[in-house]
Amino acid sequence: QVPQPPTSENSTPPDRTIVIQLREASGKDEPPAVKINSEAVSWAELEPRLFDIFKQRAEKVVFVESDDGVEFRFVADVISDARTAGVDRVGLMPKEMARAR
């Protein structure tokens with residue numbers, strides 16, 4: 001038998017790139033909003049959610065994208081949580097790439 005191309009548009013493979021997005025908070029003393037591939041997560045859920053995502057993956061790479069107004073300490077916290085969750089490599093996503101997504 002010869003493999004046939006998928007007939008459904010919904011059968012395309014999911015995007016394997018994981019991007020953690022940090023969006024500037026509306027309040028001055030509030031931490032930034034966190035998303036994983038556009039899925040909102042709380043800071044408390046971030047590490048367990050990343051662990052669930054990466055426990056079955058061979059490629060353990062994540063990218064971090066943040067607004068200009070986000071303090072670097074929050075980016076460092078995300079990197080730390082990702083490493084604790086089993087991520088091997090963390091990349092910072094340049095603004096040009098973030099806009100193209």
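**Exercise 1. Classify Asn37 and Ser38 by exposure, then examine their backbone.**

Step 1. Asn37 has a relative accessible area of 30%, so it is partly exposed. The scale is: buried under 20% relative accessible area, exposed over 50%, partly exposed in between, with a 1.4 Å probe and protein chains only.

Step 2. Ser38 reaches 52% relative accessibility and therefore counts as exposed.

Step 3. Asn37 sits in the loop between strand E2 (33–36) and strand E3 (39–41). Ser38 is also found in the loop between E2 and E3. Strands (E, at least two residues) and helices (H or I, at least four) are DSSP runs, numbered from the N terminus.

Step 4. Phi of Asn37 is near 45°, a positive value in a residue other than glycine. Ser38, not a glycine either, has a positive phi of about 70°.

The model is predicted: local features need pLDDT of at least 70, side-chain atom pairs count only at pLDDT 80 or more, and totals for chains, interfaces and linings use all residues. Numbering starts from 1 along each chain as its sequence is written, and side-chain values use heavy atoms, leaving out hydrogens and water.

**Exercise 2. Lay out the fold of the chain.**

Step 1. Count the elements: three helices and five strands.

Step 2. Order them along the sequence: β-β-β-α-β-α-β-α.

Step 3. Take the burial: 29% of the 101 residues are buried.

**Exercise 3. Check helix H2 and find its buried face.**

Step 1. H2 covers residues 72–84, and at 1.5 Å a residue its 13 residues should span 18 Å. The expected span is 1.5 Å times one less than the number of residues. The end C-alpha atoms are 18 Å apart, which agrees.

Step 2. The buried residues of H2 are Phe74, Val75, Val78, Asp81 and Ala82. They fall within an arc of 125° seen down the axis, so they line one face of the helix. The arc is taken from the directions from the helix axis to the C-beta atoms.

Step 3. Phe72 and Thr84, on the other side of H2, are exposed.

Step 4. The buried residues pack against strand E1 (18–23), helix H1 (43–54), strand E4 (61–66) and strand E5 (89–92). Contact means heavy atoms within 4.5 Å.

Step 5. Just after H2, Gly86 takes a positive phi of about 105°.
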